[in-house]
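Work through the exercises below with the sequence and the model open side by side. Try each task before reading its solution.

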Amino acid sequence: MQLYNTASRARQELVPVRPGKVYMYVCGVTVYDLCHIGHARSALVFDVLVRHLRRKGLDVTMVRNFTDVDDKIINRANSENRDWKEVAETYIRAFHEDMDALGVLRADVEPRATEHMQDIINMCEELIRQGKAYATPSGDVYFRVRSFAQYGKLSHRSLDDMLAGARVVPGEEKQDPMDFALWKAAKPGEPFWESPWGQGRPGWHIECSAMSRPWLPLDIHGGGMDLIFPHHENEIAQTEACCDCELAKLWMHNAFVQINSEKMSKSLGNFKTIRDILASWLPETLRYFLLSKQYRSPVDFTPEGMDDAERALIRVYECLEQTKAGLARAKWKKTALPEDITREWAALGRGFDEAMDDDLNTAMAMGHVFSMVRICNRVLEDKTLKAAEAARDLLTDFQKRMQVVCEELGLFGQEPAAFLAAMRDCRCARLAIDVARVEELLAARAEARAAKDFAASDALRDELKAMHVEVRDTPQGQTWDLLIAVAPGPQGPAPSPHEPS
RNA sequence: GGCGGAAUAGCCAAGUGGUAAGGCAGAGGUCUGCAAAACCUCUAUGCUCCAGUUCGAAUCUGGAUUCCGCCUCCA
């Protein structure tokens, strides 16, 4: 498959270093707070990559680390008067809960910085021995950036350009302003580990170099865009200087989730945690929303976008439900399907797979899903066609293909009726619909219709409509759902039912 | 200042030289007591603007405008 490589700024074929096996290392989170939807996007992108590669028959080892000792964790612990380990533990648990909810597969290996102290210290020592790092009198260890000639090869910057930037302030003990910390001497009250340089703790970048070391060279190293510099650049310098081995063959970076075209950040106050979102929408809605865009483009989070995602999900699941019902038939006829349907179905062929192979083009892959849905609905709505053996075969093929889609995207895999019910409940809660009242009106309307009192029946339907409830009359009786969205009137957008906070 | 990314219909979004996927919304039709859902048809002579290369450009080149990211912790 083709993947865009940040290092070469071009797409390239993924060729596993060890045939049949793929080793991926993705930078995880620093566990000092709940994950936001940007973390969700990153996790989702690499989750889908893993799923796709596994379906292709590759033996994937997915490694995602936790940074579980860091200034922010210590600060949080201090301000809440808790133990820093407990803070880290709390948010690791929260990470798992949130990611499980979103259907993100657990990584095969989840190394934590605190569990690799000896590896980290060893690496620092090796670098010092090779003259590529140095310890200072106060017990810090710095990487000597000038010792690594290729520094800047990932982010395509030269050291001199970086020095021209005004924000680089030379640390007192640094030999060069660009040198970065591998090991930091502990300040009073901070957690520390014993080391040849005294009590201290690791710098951020070295932990990833130490933890990814068992799998060098990695086939894929991934993370968010913002990690390109300095984090990944520094990882490359440390690993390649120390181990005399390329760190990774391919670098993948996902773009951000934005709010109003701006990066989410705490300082801007436009921060949405996964839990905020899941208070108003189903996890699968967030998953669909984030995967409906190509991973290298920024995506703007909006309630409207989430509503669109709901509609799309409902369309697919309703088709899945109808397919299931259609397939329950006992007798089948020999009627042939129209030629254009069979032709279109055949043309769909490997479209989904090809889109996924093309730098994980999930947006296009979903286009193929909707093309299948359209064809199935077409067969399903025609009484003659839906009784044909050929229709049975097509619908069965659809279910089979959707199973593949589910395995790869982690979408559309639930029991359709159950999903639709959960979706309705979710939307009822969001719009504060009184379900008991709805059922009451519905019962009254059924009575009116039975008596052919259409005036009364229509009045009840209007009343329901005012509550955002749409009634459908089917041969099996009434069903109902929520009006998908309240159309923005001339007086502006409808009051938003979404107030996740 | 340095480096990079993005501008495609009312909205979201694919498309990386061969004549604009898909979803939502909208119009008409079929179905329906009337609706809804579903299906069918239609909906960007044009992809921010200006030049250029080419038989052919949303796609390549040069320039302009606007927006965004990184250069400090950050998915």
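The exercises that follow concern a predicted model, and each task is followed by a stepwise solution.

**Exercise 1. The open sheet**

Task: Determine the order of the four strands in the open sheet and how they pair, then find which helix packs on the sheet.

Solution:
- Step 1. Read the strands across the sheet: the order is 5-6-7-8, and the pairing is antiparallel.
- Step 2. Find the edges. Strand 5 (133-135) and strand 8 (200-202) each pair on one side only, which makes them the edge strands.
- Step 3. Check the twist. Ignoring direction, neighbouring strands of this sheet are turned against each other by 20° on average.
- Step 4. Look at one pair in detail. Strand 7 (residues 180-185) is joined to strand 8 by three bridges, and the two run antiparallel. Within strand 8, Gly-200 is the bridge partner of Ala-185.
- Step 5. Add the helix. Helix 4 (residues 117-129) packs on the sheet and touches strand 5, strand 6 (141-143), strand 7 and strand 8. The direction of helix 4 makes about 120° with that of strand 7.

**Exercise 2. The surface near the RNA**

Task: Describe the residues that surround RNA strand B and list polar contacts to its base nitrogens and to a sugar or linking oxygen.

Solution:
- Step 1. Count the surrounding residues: there are 56, and the closest are Arg-11, Trp-204, Gly-224, Lys-263 and Arg-461.
- Step 2. Sort the residues by class. The surface near RNA strand B has 24 charged, 17 polar and 15 nonpolar residues.
- Step 3. Ask which element contributes the most. Helix 13 (residues 362-380) does, with seven residues.
- Step 4. Turn to the RNA side. Of the RNA strand B atoms within 4 Å of the protein, 62% belong to sugar or phosphate, and the rest belong to bases.
- Step 5. List the contacts to base nitrogens. A polar backbone atom of Gly-38 is 3.1 Å from one base nitrogen. An N or O atom in the side chain of Asp-458 is 2.6 Å from a base nitrogen.
- Step 6. Add the contact to the sugar or linking oxygen: a polar side-chain atom of Lys-72 lies 2.9 Å from it.

**Exercise 3. Helix 6 and Ser-209**

Task: Decide whether Ser-209 is buried or exposed, and place it in its surroundings.

Solution:
- Step 1. Locate the residue: Ser-209 is in helix 6 (residues 204-212).
- Step 2. Apply the cut-off. Buried means under 20% relative accessible area. Ser-209 has 1% relative accessibility, so it counts as buried.
- Step 3. Compare with the rest of the helix. Eight of the nine residues of helix 6 are buried, so the helix is largely enclosed by the rest of the structure. The buried residues include His-205, Glu-207 and Ser-212.
- Step 4. List the contacts. Leaving out residues up to four places away in sequence, Ser-209 touches Met-123, Glu-235, Gln-238 and Thr-239.
- Step 5. Find the polar contact: the Ser-209 side chain reaches the backbone oxygen of Glu-235 at 3.1 Å.

**Exercise 4. Thr-273**

Task: Find where Thr-273 lies and which residues it touches.

Solution:
- Step 1. Thr-273 is in the loop between strand 12 (262-263) and helix 8 (274-278).
- Step 2. The relative accessible area of Thr-273 is 10%, so the residue is buried.
- Step 3. Beyond four places in sequence, Thr-273 touches Leu-34, Cys-35, His-36 and Ile-37.
- Step 4. Thr-273 and Gly-28 are 245 residues apart in sequence, and their C-alpha atoms are 16 Å apart in space.

**Exercise 5. Backbone geometry**

Task: Inspect the peptide bonds before Pro-217 and Pro-230, then the phi angles of Asp-359 and Ala-432.

Solution:
- Step 1. The bond from Leu-216 to Pro-217 is cis, with omega near -15°. Pro-217 is in the loop between helix 6 and strand 9 (218-224).
- Step 2. The bond from Phe-229 to Pro-230 is cis, with omega near 0°. Pro-230 lies in helix 7 (residues 228-243).
- Step 3. Asp-359 is not a glycine, yet its phi is positive, near 55°. Asp-359 lies in the loop between helix 12 (351-357) and helix 13, and at 0% relative accessibility it counts as buried.
- Step 4. Ala-432 also has a positive phi, near 55°. Ala-432 is in the loop between helix 15 (416-431) and helix 16 (435-450). With a relative accessible area of 67%, Ala-432 is exposed.

Key. Residues numbered from 1 in each chain as written. Chains lettered and ligands numbered in written order. Predicted model: local features only at pLDDT ≥ 70, side-chain atom pairs only at ≥ 80, totals over all residues. Heavy atoms only, no water. Pairing = 2+ DSSP bridges. Axes fitted to C-alpha atoms, helices over the stretch in contact; angles between N-to-C directions. Contact = heavy atoms within 4.5 Å. Near = heavy atom within 4 Å. Polar contact = N/O pair within 3.5 Å; in protein donor to acceptor, adjacent residues only side chain to side chain. Nonpolar A, V, L, I, M, F, W, Y, C, P; charged D, E, K, R; others polar. Buried < 20%, exposed > 50% of the residue type's maximum accessible area, 1.4 Å probe, protein only.
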